[in-house]
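These are my notes on a structure that I had not examined before. I set down each point in the order in which I looked it up.

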Amino acid sequence: REAEHRHDFSQHLRVVRGRLLVQVGASQHDLTPASPELTLAPGTPHATLAVSDTWVLARRSHDPRATA
(Lines give C-alpha, C1' and ligand atoms only; values in the text may rest on other atoms or scores of the structure.)
Protein backbone atom coordinates (compact mmCIF):
# COMPACT_ATOMS: atom_id res chain seq x y z
CA ARG A 1 0.00 0.00 0.00
CA GLU A 2 1.16 3.49 -0.84
CA ALA A 3 -0.55 6.40 0.88
CA GLU A 4 -1.82 9.27 -1.23
CA HIS A 5 1.05 11.07 -2.93
CA ARG A 6 1.83 12.95 -6.16
CA HIS A 7 4.71 13.33 -8.60
CA ASP A 8 6.03 16.31 -10.54
CA PHE A 9 6.09 14.19 -13.70
CA SER A 10 3.59 12.14 -15.69
CA GLN A 11 3.41 8.54 -14.47
CA HIS A 12 2.35 5.62 -16.66
CA LEU A 13 1.33 2.41 -14.87
CA ARG A 14 1.00 -1.03 -16.44
CA VAL A 15 0.36 -4.21 -14.42
CA VAL A 16 2.36 -7.20 -15.65
CA ARG A 17 1.13 -9.63 -13.00
CA GLY A 18 -1.47 -9.47 -10.27
CA ARG A 19 -3.92 -6.69 -9.51
CA LEU A 20 -3.42 -3.07 -8.46
CA LEU A 21 -6.07 -0.66 -7.21
CA VAL A 22 -5.28 2.98 -7.90
CA GLN A 23 -7.38 5.63 -6.16
CA VAL A 24 -7.45 8.95 -8.04
CA GLY A 25 -9.83 11.37 -6.34
CA ALA A 26 -13.27 9.75 -6.25
CA SER A 27 -12.34 7.26 -9.00
CA GLN A 28 -10.84 3.83 -8.40
CA HIS A 29 -8.99 2.04 -11.20
CA ASP A 30 -8.68 -1.75 -10.96
CA LEU A 31 -5.59 -2.63 -13.01
CA THR A 32 -4.73 -6.14 -14.20
CA PRO A 33 -2.47 -7.40 -17.00
CA ALA A 34 -5.45 -7.04 -19.37
CA SER A 35 -5.90 -3.33 -18.50
CA PRO A 36 -4.61 -0.53 -20.69
CA GLU A 37 -1.81 1.60 -19.30
CA LEU A 38 -3.04 4.18 -16.78
CA THR A 39 -1.52 7.64 -17.21
CA LEU A 40 -1.48 10.13 -14.34
CA ALA A 41 -0.78 13.78 -15.10
CA PRO A 42 1.89 15.61 -13.09
CA GLY A 43 0.64 16.63 -9.65
CA THR A 44 -2.28 14.16 -9.63
CA PRO A 45 -2.87 12.87 -6.08
CA HIS A 46 -3.20 9.08 -6.03
CA ALA A 47 -2.87 6.07 -3.73
CA THR A 48 -2.24 2.42 -4.60
CA LEU A 49 -2.98 -0.99 -3.14
CA ALA A 50 -1.63 -4.28 -4.50
CA VAL A 51 -4.48 -6.76 -4.04
CA SER A 52 -2.25 -9.77 -4.75
CA ASP A 53 1.41 -10.45 -5.56
CA THR A 54 1.75 -7.74 -8.20
CA TRP A 55 4.39 -6.61 -10.68
CA VAL A 56 3.95 -3.08 -11.99
CA LEU A 57 5.88 -1.21 -14.65
CA ALA A 58 5.90 2.45 -13.64
CA ARG A 59 7.30 4.74 -16.30
CA ARG A 60 7.67 8.45 -15.94
CA SER A 61 7.79 11.10 -18.60
CA HIS A 62 8.52 14.78 -18.57
CA ASP A 63 5.64 17.05 -19.43
CA PRO A 64 7.08 19.61 -21.87
CA ARG A 65 4.42 22.11 -20.75
CA ALA A 66 5.75 22.03 -17.18
CA THR A 67 8.28 24.58 -16.07
CA ALA A 68 11.54 23.53 -14.42
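Entry on the surface. I looked up the exposed area first and found that the protein exposes about 4,600 Å². Carbon and sulfur atoms supply 53% of that area. I note here that the model is a predicted one.

Entry on burial. I then asked what share of the residues is buried. Of the 68 residues in the protein, 31% are buried.

Entry on secondary structure. I counted seven strands and zero helices in the protein. Along the sequence, the pattern reads β-β-β-β-β-β-β.

Entry on dimensions. Taken along the principal axes, the box filled by the C-alpha atoms is roughly 40 × 20 × 15 Å. I also compared the radius of gyration with the globule rule: a compact globule of 68 residues would have a value near 11 Å, and the 12 Å of the protein agrees with this.

Entry on contacts. I considered the contacts in the protein with a separation of 6 or more, and 69% of them join residues 24 or more positions apart.

Entry on charge. The protein has 8 positive and 7 negative charges, and I found their mean positions to be 2 Å apart.

Entry on one residue. I chose Thr48, which lies in strand 6 (residues 46–50). Is Thr48 buried or exposed? Its relative accessible area is 12%, and Thr48 therefore counts as buried, the cut-off being under 20%. Leaving aside residues up to four places away in sequence, I listed the residues that Thr48 touches as Arg1, Glu2, Leu20, Leu21 and Val22.

Notes: Residues numbered from 1 in each chain as written. Predicted model: local features only at pLDDT ≥ 70, side-chain atom pairs only at ≥ 80, totals over all residues. Heavy atoms only, no water. Helix = DSSP H or I, 4+ residues; strand = E, 2+ residues; numbered from the N terminus. Rg over C-alpha atoms; globule rule 2.2 N^0.38 Å. Buried < 20%, exposed > 50% of the residue type's maximum accessible area, 1.4 Å probe, protein only. Contact = heavy atoms within 4.5 Å. Areas by Shrake-Rupley, 256 points an atom, 1.4 Å probe, with all protein chains shown as cover. Lys, Arg positive; Asp, Glu negative; His and termini not counted. Charge placed at Lys NZ, Arg CZ, Asp CG, Glu CD.
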